[in-house]
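User: Please take a close look at one part of this model for me, beginning with a single buried side chain and working outwards to its surroundings. I would like a connected account rather than a list.

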Amino acid sequence: MMSGFPIQNSPVSARDAPASIYVAPSLAAALDALSEYGAAGAPLAGGTWIMRSPIRHEPLRSHYVAIGRIAELTAVRIGSDAIEIGAAVTHAALAAALAGLPEFAGLAAAAGGSANPAIRAMATIGGNLAASEFAAADCVPALLCLDADVDIWGRDGRERIGLAHFLAVRSTLAPGRLVTRIIAPRAERKTAHARLPLRRSGDYPVAIVSLSVSVDAANRVQTAQIAVGSVEPSARRWPRLEAALLGRPLDAAAAARTAAELTDEFVGRDSVDAPGWYRVSVLPGLVRRAAIAALGS
Ligand SMILES: Cc1cc2nc3c(=O)[nH]c(=O)nc-3n(C[C@H](O)[C@H](O)[C@H](O)COP(=O)(O)OP(=O)(O)OC[C@H]3O[C@@H](n4cnc5c(N)ncnc54)[C@H](O)[C@@H]3O)c2cc1C
């Protein structure tokens with residue numbers, strides 16, 4: 001018997017509605033419930049992606065386990081060597097927690113500039129990473145640039161894996177698994193996040209460039225991590241551009257020119273929002289904007 005707050009325990013009449021939403025009072029209770037439901041269940045965090053399932057013609061799960069009231073999943077811990085972000089931390093709370101930490105300016109901009117204020121107050125970082133069909137997730141490229149890890153728990157154990165690996169396997173995770181934490185190491189670096197919404201700020205971005213660089217005293221790039229989101233089905237790093245920037249002074253116009261020579265490795269996804277070629281074509285401009293923002297940070 002589960003403790004917590006069953007909101008709805010029997011099938012409702014609305015077509016496609018879930019049969020139950022269980023509000024888990026603790027992490028252990030959430031893991032038990034997810035394990036019990038198996039493939040018929042899934043976590044429900046902010047619900048901002050799940051609620052649009054009918055629009056995407058995707059079936060809802062029969063059972064959802066709401067994780068928003070689990071204390072350890074809603075905290076941001078800022079340590080001396082890493083930050084740990086609970087999976088149910090909202091975009092708004094994350095942006096607020098990172099204010100005043102310049103090395104995380106890119107992630108703060110990603111979380112604080114996504115969607116609109118009402119959505120940011122609900123949408124969570126864990127949901128952003130776990131929504132495998134959501135190509136335009138803002139926090140994913142920002143975290144790829146920070147070499148973030150993801151903690152995944154199940155009733156039978158836990159594991160910590162790199163974010164890029166998580167993105168590759170997330171759609172095949174065994175039922176009952178829950179992202180609990182995202183861990184990003186601290187480092188001296190400049191970070192930025194540039195996105196291009198088609199019409200207005202609430203739109204999904206057509207393309208995203210996140211950037212993290214460290215420079216020496218002469219402003220030469222020592223390390224570079226650049227990630228692209230929304231162009232292909234899943235965000236990924238841009239290793240050829242990263243390598244091309246190393247050892248050179250960070251210059252926004254030059255970085256954009258180099259990016260323009262290297263966009264051929266992307267195959268943009270076509271959608272009703274924008275054709276694939278357009279998503280690729282805006283990347284140099286976004287690299288330029290990200291570099292300008294990083295230089296100013
Ligand atoms: C109109 C609109 C515009 C938006 N625009 C943007 C935008 O531009 N950029 C942006 O980044 N976001 C945007 N969002 C928000 C986007 O939906 C969320 O960022 C995010 O992808 C979902 O977070 P959530 O907490 O609402 O997840 P939910 O909807 O609760 O869940 C999403 C998926 O992740 C799974 N899941 C959730 N939490 C976990 C966990 N801890 N472990 C394992 N699986 C989990 C769920 O089972 C589900 O499959 C927008 C939303 C709306 C409605």
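Analyst: Leu167 has a relative accessible area of 9%, and because buried means under 20%, Leu167 counts as buried; this and everything that follows refers to a predicted model. Leu167 sits in helix 7, which covers residues 163-169. Setting aside residues up to four places away in sequence, Leu167 touches Leu129, Val140 and Leu144, and also Ser234 and Ala235. The C-alpha atoms of Leu167 and Ala121 are 24 Å apart in space, with the two positions 46 residues apart in sequence.

The domain assignment places domain 1 at 5-66, domain 2 at 71-185 and domain 3 at 190-296. Between domain 1 and domain 3, the distance from one C-alpha centre to the other is 36 Å.

Glu232 belongs to the loop that runs between strand 12 (221-229) and strand 13 (236-237). With a relative accessible area of 13%, Glu232 is buried. The side chain of Glu232 is joined to the side chain of Arg236 by a polar contact of 2.7 Å, while a polar atom of the Glu232 side chain also lies 3.0 Å from the backbone nitrogen of Val267. Apart from residues up to four places away in sequence, Glu232 touches Ala135, Glu265, Phe266, Val267 and Arg269, so Val267 appears both in this set of contacts and as the residue whose backbone nitrogen lies 3.0 Å from the Glu232 side chain, around a residue that is itself buried at 13%.

Thr258, in helix 9 (residues 252-262), is another buried residue, with a relative accessible area of 8%. The Thr258 side chain makes a polar contact of 3.2 Å with the side chain of Arg248, and, when residues up to four places away in sequence are not counted, Thr258 touches Leu241 and Ala244 as well as Arg248.

The account can now turn to helix 2 and helix 3. Helix 2 (residues 91-98) and helix 3 (residues 105-113) have axes that come within 8 Å and cross at roughly 145°, and the crossing is left-handed. On the helix 2 side, His91, Leu94, Ala95 and Leu98 take part in the contact, and they meet Leu107, Ala108, Ala111 and Gly112 of helix 3. By class, this contact consists of six nonpolar and two polar residues, with no charged residues.

Within helix 3, the buried residues are Gly106, Leu107, Ala108, Ala110 and Ala111. Besides helix 2, these buried residues pack against strand 6, helix 4 (117-120), helix 6 (139-144) and strand 10 (190-197). Just after helix 3, Ala115 takes a positive phi of about 50°.

The loop between strand 6 (82-86) and helix 2 holds Ala88, which is buried with a relative accessible area of 7%. Leaving aside neighbours within four places in sequence, Ala88 is in contact with Ile67, Gly68, Leu73, Thr74 and Thr124. Ala88 and Pro284 stand 196 residues apart along the chain, and their C-alpha atoms are separated by 33 Å.

Terms used:
Residues numbered from 1 in each chain as written. Predicted model: local features only at pLDDT ≥ 70, side-chain atom pairs only at ≥ 80, totals over all residues. Heavy atoms only, no water. Axes fitted to C-alpha atoms, helices over the stretch in contact; angles between N-to-C directions. Helix = DSSP H or I, 4+ residues; strand = E, 2+ residues; numbered from the N terminus. Left-handed = near helix turned anticlockwise from the far one by under 90°. Contact = heavy atoms within 4.5 Å. Nonpolar A, V, L, I, M, F, W, Y, C, P; charged D, E, K, R; others polar. Domains from an automatic or database assignment. Buried < 20%, exposed > 50% of the residue type's maximum accessible area, 1.4 Å probe, protein only. Polar contact = N/O pair within 3.5 Å; in protein donor to acceptor, adjacent residues only side chain to side chain.
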